[in-house]
Amino acid sequence: MKPRRLTRQVVVGDSRVGFVRIGGGVPGRDGTPTTPAPVSVQTMTAGYTHDIDACVREINKLAAAGADIVRVAVPEKKDTEALRHILPQVRVPIVADVHFHFQRALEAVEAGVHKIRLNPGNINDRAQVIEVIRACKAKGLPIRVGVNEGSIIERKDKQKRMKELGAVFSAHKHGHMLAIMIAKLEEYLDIFYEEDFHDITISAKSMDAALVIDAYTEIAARFDHPLHLGVTHAGPKETGTIRSVVALGGLLINGIGETIRISYANDPIFEVQDGLELLYCLGLRERVGVDLIACPTCGRIQVDLFTLIQDVRKALADQVKVPMKVAVMGCIVNGPGEAEGADVAVFAGDRRGIIYVQGEKVANVPEPEILPRLLAECLTFQDKVLRGEAKLGEKKVEIIPPDPIGELGSGYAKIASGQVEKPATLTIGGI
Ligand code: SF4
């Protein structure tokens, strides 16, 4: 992991919903040093903003799932009017996503929104942009400039600048598009700088993960504004997750990116969960809730492990709030090793499961009792952690694999001889 890039800091929110800081490290305008904020997770509502009750429900659901900032679309006046009713009912900073109609931005600012997103590709009239900048400045609101692939070049010296940038990127796979994006950003940001407005975040999204990495890398080298990472039109969750994680993960590993949005065509709650998981995996955010370790299952399992893993995941997501490590392992091949590093663990075999708490064996139960016993142990352990009687990640003893004939019946012997007994009902993946 490379050290985080230092940027200006942007603050989104108010005293009622709380303040979310984005980026930091470069001293503020008054010369006070800013500390880089944790990378924040954003998402966008999927429903209509003018459907006030549904929109409030969706925003609150996303905030409860861990979204730091939520964006809403405001294509029509009835959407910006709805903001007046929505904002008092939510507890997370809200960004108004504005395209085509600069009046929507002015209305959203008036309604009390916490940030505006503008697209230079479709709001590029200088006077209109200045009007939005001045409205935001008067209320201390930041603006995200979101250059999407394909933004239009309008600047007067565009031929000259494109030639210069074209030469810079001539050997680059995405040279032409990079030249367009950088030129558009320079042109657009000049308007902001002329207005002495610097509360800016930048995004440069594409559906091409490699282009996203290249574009943000170039922008990071040229501007000190915090970057909002994202892949646009990433597709359905099945492929969109990989597209987003490859691009965003690649950038974050290189220290680039101050706020992220994973996006795909599905319930945005998954975007929040995946965004947080990406940050947890990279050590960029402190985990909230369980870190579930589970084996992928294979032909050695002797319990219905896939179902068990899903049941454990769902139950723990609701009930455990401390970042404990829980391992659910299918057999004694890798079970003892993973159980050693986990706070609570089970490894199964021969229709039974042996349960450990911080390396100490607490139970050996038949398959139907594995789930309730494991959950009970997790909750008891959580209580101890909260009372200060136990510490997360503290291994007490070395786990010795069970006696093959004794504790797990003949499981080990069957594995060794290749005669693996399968459960009567076995779930494999989602099939
Ligand atoms: S822990 Fe055992 S069952 Fe699970 S994948 Fe590894 S070898 Fe297979």
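**Exercise 1. How many Å separate the centres of domain 1 and domain 2, taken over C-alpha atoms?**

Solution. The model is a predicted one, and the work begins with its domain assignment, which places domain 1 at residues 9–281 and domain 2 at residues 291–417 of the protein chain. Taking the centre of each domain over its C-alpha atoms then gives a separation of 42 Å. For the setting of this value, the C-alpha trace of the protein chain spans about 80 × 50 × 45 Å along its principal axes, and the chain holds 13 helices and 15 strands.

**Exercise 2. Describe the open sheet that contains β11 and β15, and place helix α10 against its strands.**

Solution. Start with the strand order, which is β11-β12-β13-β14-β15, five strands with mixed pairing. The ends of this order are the edge strands, β11 (291–294) and β15 (360–366), each of which pairs on one side only. Neighbouring strands of the sheet are turned against each other by 15 degrees on average, with direction ignored.

Next, follow the pairing of β11 with β12, the strand of residues 325–329: the two run parallel and are joined by four bridges, and within this pairing Leu292 has Val326 of β12 as its bridge partner.

Finally, add helix α10, residues 305–319, which lies across β11, β12 and β13 (344–349) and runs at about 165 degrees to β12.

**Exercise 3. Which residues surround the ligand, and how do they divide by class?**

Solution. Reading the shell in sequence order, one meets Cys295, Pro296, Thr297, Cys298, Arg300 and Ile301, and then Met329, Gly330, Cys331, Val333, Asn334 and Gly335. Sorted by class, this shell has seven nonpolar, four polar and one charged residues. One link to the preceding exercise is Met329, a member of the shell, since residue 329 also falls within β12 (residues 325–329).

**Exercise 4. Why is strand β8 described as largely enclosed by the rest of the structure?**

Solution. Count the buried positions, where a residue is buried if 20 or more other C-beta atoms lie within 10 Å of its own. In β8, residues 200–205, six of the six residues are buried, and the strand is therefore largely enclosed. Then look at the two directions: Ile200, Ile202 and Ala204 point one way, Thr201, Ser203 and Lys205 point the other way, and all are buried.

A further step concerns the partner strand β7 (residues 143–148), which runs parallel to β8 and is joined to it by six bridges; Gly146, for instance, has Ser203 of β8 as its bridge partner. For the protein chain of 431 residues, buried residues make up 44%.

How values were computed: Residues numbered from 1 in each chain as written. Predicted model: local features only at pLDDT ≥ 70, side-chain atom pairs only at ≥ 80, totals over all residues. Domains from an automatic or database assignment. Near = placed C-beta within 6 Å. Nonpolar A, V, L, I, M, F, W, Y, C, P; charged D, E, K, R; others polar. Pairing = 2+ DSSP bridges. Axes fitted to C-alpha atoms, helices over the stretch in contact; angles between N-to-C directions. Contact = placed C-beta atoms within 7 Å. Buried ≥ 20, exposed ≤ 12 C-beta atoms within 10 Å, placed from the backbone.
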